[in-house]
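Please read the following account with the sequence and the coordinates open side by side. The walk starts at a single side chain and widens from there to helix packing and charge pairing.

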Amino acid sequence: MSPATALVPLPRRSEIESWDTTDLTNAAATWRNAATTSEGAFDQHRRNVSSPGGTTWEGDAKDAALHRVTADIAVVSR
């Protein structure tokens with residue numbers, strides 16, 4: 001029998017419940033922190049596009065840029 005077809009017994013529930021999940025918990029916290037940082041960065045980017053350097057920006061270019069950054073934020077939020 002080849003290794004690819006060898007049957008491996010599934011762990012029992014008690015074995016699964018005793019697994020150390022610390023690494024998974026730490027990874028989840030790291031990913032949540034990264035997501036929060038990304039959302040903050042994109043929100044800052046949106047503010048910069050809306051009012052670069054605190055200036056007033058008007059016109060089709062601003063509208064197009066804001067439309068694009070709004071679409072990007074929607075992706076980041078997911």
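At 13% relative accessibility, Val49 counts as buried, because the cut-off for that class is under 20% relative accessible area. The model in which this value was computed is a predicted one, and Val49 has its place in helix α2. Once its neighbours within four places in sequence are left aside, Val49 is in contact with Trp57, Ala65 and Leu66. A look back along the sequence gives a sense of scale, since Val49 and Asn26 are 23 residues apart in sequence and 35 Å apart in space, C-alpha to C-alpha.

One of the partners of Val49 is Leu66, a residue found in helix α3. Seen from Leu66, and again leaving aside its neighbours within four places in sequence, the contacts are with Arg46, Val49 and Ser50. For a residue at the other end of the scale, one may turn to Arg12, which is 54 residues from Leu66 in sequence and 54 Å from Leu66 in space, C-alpha to C-alpha.

These contacts belong to a wider packing arrangement, and how is such an arrangement described? Two packed helices are described by the angle between their axes and the distance between the axes. Here helix α2, which covers residues 22-50, packs with helix α3, residues 60-77, at an angle of about 170 degrees, and the two axes are 10 Å apart. That angle makes α2 roughly antiparallel to α3, because angles over 145 degrees are counted in that class.

The residues that bring the two helices together can be named on both sides: from α2 they are Ser38, Glu39, Phe42, Asp43, His45, Arg46, Val49 and Ser50, and from α3 they are Lys62, Ala65, Leu66, Val69, Asp72, Ile73, Val76 and Ser77. Sorted by class, this contact of α2 with α3 holds seven nonpolar, four polar and five charged residues.

Among the residues on the α3 side is Lys62, and its surroundings deserve a separate look. Is Lys62, placed in helix α3, buried or exposed? Lys62 is buried, yet it has no salt bridge, and the nearest side chain of opposite charge, that of Asp63, is 6.0 Å away. The cut-off matters at this step, because a salt bridge calls for a side-chain nitrogen of Lys or Arg within 4 Å of a carboxyl oxygen of Asp or Glu. Leaving aside its neighbours within four places in sequence, Lys62 is in contact with Ser50 and Trp57; Trp57 is also among the contacts of Val49.

Side chains of opposite charge can pair when their charged atoms come close. How many salt bridges are there by the distance rule? The count comes to five, and three of these pairs can be followed through the helices in turn.

In helix α1, residues 13-17, Arg13 and Glu17 lie four residues apart, which is about one turn of the helix. Their side chains meet in a salt bridge of 2.7 Å, N to O, and both Arg13 and Glu17 are exposed.

In helix α2, Arg46 forms a salt bridge with Asp43, with the closest N and O atoms 3.1 Å apart. Arg46 and Asp43 are separated by about one helical turn, because they are three residues apart in helix α2. Arg46 is partly exposed, with a relative accessible area of 29%, and Asp43, at 28% relative accessibility, likewise counts as partly exposed.

In helix α3, the side chains of Arg68 and Asp72 meet in a salt bridge of 3.1 Å, N to O. Because Arg68 and Asp72 are four residues apart in helix α3, about one helical turn separates them. Arg68 is exposed, with a relative accessible area of 55%, whereas Asp72 is partly exposed, its relative accessible area being 24%. Elsewhere, salt bridges that share partners join Asp43, Arg46 and Arg47 into one network.

A last distance links the arginines of two of these pairs: Arg68 and Arg46 are 22 residues apart in sequence and 9.4 Å apart in space, C-alpha to C-alpha.

Methods. Residues are numbered from 1 along each chain as its sequence is written. This is a predicted model: local features need pLDDT of at least 70, side-chain atom pairs count only at pLDDT 80 or more; totals for chains, interfaces and linings use all residues. Side-chain values use heavy atoms; hydrogens and water are left out. Axes are lines fitted to C-alpha atoms, for helices over the stretch in contact, and angles run from 0 to 180 degrees between N-to-C directions. Angles under 35 degrees count as roughly parallel, over 145 as roughly antiparallel, 65 to 115 as roughly perpendicular and the rest as oblique. Contact means heavy atoms within 4.5 Å. Ala, Val, Leu, Ile, Met, Phe, Trp, Tyr, Cys and Pro count as nonpolar, Asp, Glu, Lys and Arg as charged, and the others, Gly among them, as polar. Buried means under 20% relative accessible area, exposed over 50%, partly exposed in between (1.4 Å probe, protein chains only). Lys and Arg count as positive and Asp and Glu as negative; His and the chain ends are not counted.
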